[in-house]
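Reader: I should like to learn how to read the features of a model such as this one, beginning with accessibility and charge. Please give the general idea each time, and then the case at hand.

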Amino acid sequence: MTTKVIYFKSALCPRCRLTDRRLSELRAAQPQVEIETVEILTNPARVLQEGIWMIPAIIIGRHRWYHAPPLSELDAALREEE
């Protein structure tokens, strides 16, 4: 089963660069994980729909982060959603 990660970011966000690297590490470790990237500047309706109030934002199931969490936290959330 493929678990989905939703990542809200902006090309203008300096904090998103670290999150980009963290999600690249996740993709390398778990290539089966689908990562949907949502650019907030071109998708404002989606941002409002999901209740995003800060970026970067990562959603895995019921888990939300507004920073680049450690891989161990992402792994735990992915295992929980399987």
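Author: A residue is called buried under 20% relative accessible area and exposed over 50%, with partly exposed in between. The model is predicted. With these cut-offs, Glu80 counts as partly exposed because its relative accessibility is 42%. Arg62, at 63%, is exposed.

Reader: Which residue forms a salt bridge with Arg62?

Author: Side chains of opposite charge can pair when their charged atoms come close. Here, Glu80 is the partner of Arg62, with the closest N and O atoms 2.8 Å apart. The two belong to distant parts of the chain, 18 residues apart: Glu80 lies in helix H3 (residues 71-81), and Arg62 in the loop between strand S3 (57-60) and strand S4 (63-65).

Reader: How many salt bridges does the rule give?

Author: The count comes to 7 salt bridges. One of them joins the side chains of Asp20 and Lys9, at 3.1 Å from N to O. Because Asp20 lies in helix H1 (residues 15-29) and Lys9 in strand S1 (residues 4-9), this pair ties together parts that are 11 residues apart in sequence. Asp20 is partly exposed, at 26% relative accessibility, whereas Lys9 is buried, with a relative accessible area of 17%.

Reader: Which residues are linked in a network of salt bridges?

Author: Lys4, Glu36, Arg46, Glu50 and Arg64 are linked in such a network. Within it, the side chains of Glu36 and Arg46 meet at 2.6 Å, N to O. That pair also links distant parts of the chain, with Glu36 in strand S2 and Arg46 in helix H2 (residues 44-50), 10 residues apart. Arg46 is partly exposed, its relative accessible area being 21%.

Reader: How should one read a charged residue that has no salt bridge, and what is the case of Glu39?

Author: One looks for the nearest side chain of opposite charge and compares its distance with the cut-off, which is 4 Å between a side-chain nitrogen of Lys or Arg and a carboxyl oxygen of Asp or Glu. Glu39 is buried, and the nearest side chain of opposite charge, Lys9, is 5.8 Å away. Glu39 lies in strand S2 (residues 34-39), and its side chain reaches the backbone nitrogen of Leu41 at 3.2 Å. Apart from residues up to four places away in sequence, Glu39 touches Lys9, Ser10 and Ala11.

Reader: Let us turn to the helices. Which residues of H3 are buried, and how are they arranged about the axis?

Author: Leu74, Ala77 and Leu78 are the buried residues of H3. Viewed down the axis of H3, they fall within an arc of 100°, so they line one face of the helix. Ser72 and Arg79, on the other side of H3, are exposed. The cover over the buried residues of H3 includes S1, H1, S3 and S4.

Reader: How does one read the nonpolar core?

Author: In soluble globular proteins, nonpolar side chains tend to be buried together. In this model the largest nonpolar core has 23 residues, and those with the most contacts inside it are Val5, Phe8, Leu23, Ile52, Ile58, Ile60 and Leu74. At least two residues of this core come from each of S1, H1, S2, S3 and H3.

Reader: Which residues are in contact with Leu23 and with Ile60?

Author: Neighbours within four places in sequence aside, Leu23 is in contact with Val5, Tyr7, Ile35, Ile58 and Leu74. Ile60, found in strand S3, is buried with a relative accessible area of 0%. With the same exclusion, the contacts of Ile60 are Thr3, Lys4, Val5, Trp65, Leu74, Ala77, Leu78 and Glu81.

Reader: Finally, how does one read a peptide bond, and which residues does a cis bond join here?

Author: Most residues other than glycine have a negative phi, and most peptide bonds are trans. A cis peptide bond joins Ile55 and Pro56, with omega about 0°. Pro56 is found in the loop between H2 and S3.

Reader: Which residue of helix H1 touches Pro56?

Author: Thr19, which lies in helix H1, touches Pro56 as well as Tyr7, Ile58, His67 and Ala68, not counting residues up to four places away in sequence. At 0% relative accessibility, Thr19 counts as buried.

Definitions and conventions. Residues numbered from 1 in each chain as written. Predicted model: local features only at pLDDT ≥ 70, side-chain atom pairs only at ≥ 80, totals over all residues. Heavy atoms only, no water. Helix = DSSP H or I, 4+ residues; strand = E, 2+ residues; numbered from the N terminus. Buried < 20%, exposed > 50% of the residue type's maximum accessible area, 1.4 Å probe, protein only. Lys, Arg positive; Asp, Glu negative; His and termini not counted. Polar contact = N/O pair within 3.5 Å; in protein donor to acceptor, adjacent residues only side chain to side chain. Contact = heavy atoms within 4.5 Å. Arc of directions from axis to C-beta. Core = buried A, V, L, I, M, F, W, Y, C linked by side-chain atoms within 4.5 Å.
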